[in-house]
Amino acid sequence: MPPEEFRRFAHEAVDWIAEYLSHPERYPVLPKMAPGDLADALPSSGPEQGEPMERLLDDFRRQIVPAITHWNHPGFMAYFANTAPGPGIIAELLSASLNANAMLWKTSPAATELEQVVLDWLRDWMGLPAGLFGIIYDTASTSSMHAIAAAREMADPEARTLGASRGLTLYCSEEAHSSIEKGAIAIGIGQRHVRKIPVDAEFRMRPEALSAAVERDLAAGLRPFCVVATVGTTSTTSIDPVPAIADIAARHGLWLHVDAAYAGSAAIVPECRHILNGAERADSLVVNPHKWFFTPFDLSAFYTRRPDILRRAFSLVPEYLRTAEDSRAVNYMDYGVPLGRRFRALKLWFVMRYFGRERLAETIRSQIAWARELAEAVDADPHFERAAPAPLSVVCFRYRGTDEENRRLLETVNASGEFFLSHTVLNGKFTLHLAIGNMGTTREHVMRAWEVVRGAAGRVVL
Ligand code: PLP
């Protein structure tokens, strides 16, 4: 593409982005379409001859945008809402332009060194101890899989050579994210060796049940090797008692991994720092800036105090990847499955520097306050009930009716195009899950969502 053509269409694209981001709520948050609609409208094979950029951008606007679920929409309150702010988008554009591959220090010194620096900043803001080794993976699922692999390496170093070992057993709560079990599947631990420890009334792992499960497995000749504590569970943002879990891990020599994918970033707010109590004793921890740290998808930050073990689990260096700096530089390819690695650190650097810790903390603090306000409104309404405590920015609640009524209520709200909420099941009951996390969401959006839910309840049930 000649530079002049690039300049013209890049400007046009940036103009479109600026307009889009100033009013994402012009679009319905969920597209009105059925599976296959877009695929059926696109040609079944790629073009033999190149097409003009005008047509590509036009098709992007006409065909792709209407088929997008708008994560930038302030009414996106499903799962864990997230944000792609301007500085993060600009960094992604620059990173794509450099097309740097951060596999070796030599293949992009800035990408490697910036990754080290920004992960140290983030660790520091979260109040975690100095000296933790940080690495960026794509997602928390990948981060946790690497934690499980490192845990296996610690418990059974021969597994790397001889293949999966039998009897290694992993523990997490029944509220842990499915990525933990998937990680155990991928590493060859086997689903039969994943113990889902019961939770208390507030959906937190019960340490005495963990202790009993470990004892039972030891007596049966199994080999407990890893426990995963969750700080901010997917359904209810509950916080497992990490200090008590760390005691049990220490007693039995288990690798302790903390999954703080969503909630970890709240630790940058001084009054929330306690959510990571005990995490300083973890062998590894994951937090996702692409969840509640206003960084465009994807970027998962993984920390470990045992980088030597992680490296032992994965390092395999073919001749063509050897460099003269190997003894002095970090080559991130040694610490995981991927060889090629995107230059993700740039967007985290831009986001942290553009906003600064105080503004990011203030945004998280406000979102927690609005969630609390919503929780109180739910509590005050006799037609609704809260299904779990709301310690952070998620509120789980249900209409005091049947599961079917709640399902229809959710469908009605989501069909409005104004809000997108998701669901979970708590104590066997279908429950609405409303997550505040987009930087564009205001208190008014949250209160309006509650109004829409109440209005929909009237229509669905009466
Ligand atoms: N861990 C927790 C607690 C989560 O809530 C989620 C997703 O919501 C994940 C892990 C997986 O995140 P990712 O999509 O980055 O793999």
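**Exercise 1. Placing the ligand**

The ligand sits in the second largest pocket of this predicted model. Find which elements give two or more residues to the shell around the ligand.

*Solution.*
Step 1. Look for helices that reach the shell. Helix α6 (140-155) gives two or more residues to it.
Step 2. Continue along the chain. Helix α11 (289-292) also gives two or more.
Step 3. Sort the shell by class. Three residues are nonpolar, eight are polar and two are charged.

**Exercise 2. Contacts with the ligand**

Name the residues that come nearest to the ligand, and then find their polar contacts with its oxygen atoms.

*Solution.*
Step 1. The ligand has 13 residues around it. Those that come nearest are Ala140, Ser141, Thr234, Asp259 and Asn288.
Step 2. Set the cut-off. A polar contact needs a pair of N or O atoms within 3.5 Å.
Step 3. Check alanine 140. One of its backbone N or O atoms lies 2.8 Å from an oxygen atom of the ligand.
Step 4. Check threonine 234. Here an N or O atom of the side chain is 2.8 Å from a ligand oxygen.
Step 5. Check asparagine 288. Its side chain, too, has an N or O atom 2.8 Å from an oxygen atom of the ligand.
Step 6. Turn to the surface. The ligand taken alone exposes 390 Å², and the protein buries 86% of that.

**Exercise 3. An aromatic pair**

The whole structure holds 20 aromatic pairs. Classify the one formed by tryptophan 16 and phenylalanine 60, and state what it ties together.

*Solution.*
Step 1. Take the distance. The ring centres are 5.0 Å apart. The limit for a pair is 6.5 Å.
Step 2. Take the angle. The planes stand at 80° to each other. Over 60 degrees counts as edge-to-face, and this pair is edge-to-face.
Step 3. Locate both rings. Tryptophan 16 is in helix α1 (residues 3-22), and phenylalanine 60 is in helix α3 (residues 53-64), so the pair ties together parts that are 44 residues apart in sequence.

**Exercise 4. Backbone details in two loops**

Where does the cis peptide bond from phenylalanine 297 lead, and which residue other than glycine has a phi near 45°?

*Solution.*
Step 1. Follow the bond from phenylalanine 297. It leads to aspartate 298, with omega near 10°.
Step 2. Place aspartate 298. It belongs to the loop between α11 and β8 (300-304).
Step 3. Look at phi. Tyrosine 79 has the value near 45°, which is positive.
Step 4. Place tyrosine 79. It lies in the loop between β1 (76-77) and α4 (86-98).

Note on methods. Residues are numbered from 1 along each chain as its sequence is written. This is a predicted model: local features need pLDDT of at least 70, side-chain atom pairs count only at pLDDT 80 or more; totals for chains, interfaces and linings use all residues. Side-chain values use heavy atoms; hydrogens and water are left out. A residue is near a molecule or strand if one of its heavy atoms lies within 4 Å of it. A polar contact is a pair of N or O atoms within 3.5 Å; within protein, one must be able to donate a hydrogen and the other to accept it, and residues adjacent in sequence count only if both atoms are side-chain atoms. Accessible areas come from the Shrake-Rupley method with a 1.4 Å probe; for residues, only the protein chains shown count as cover. On a 1 Å grid over the protein atoms alone, a cavity is a set of points where a 1.4 Å probe fits but cannot get out, and a pocket is an open set with protein on both sides within 12 Å along at least five of seven lines; lining residues have an atom within 4 Å of a point. A molecule sits in a cavity or pocket if more than half of its atoms lie within 2 Å of its grid points. Helices (H or I, at least four residues) and strands (E, at least two) are DSSP runs, numbered from the N terminus. Ala, Val, Leu, Ile, Met, Phe, Trp, Tyr, Cys and Pro count as nonpolar, Asp, Glu, Lys and Arg as charged, and the others, Gly among them, as polar. Rings of Phe, Tyr and Trp (its six-membered ring) pair if their centres lie within 6.5 Å; planes under 30 degrees apart count as stacked, over 60 as edge-to-face and the rest as tilted.
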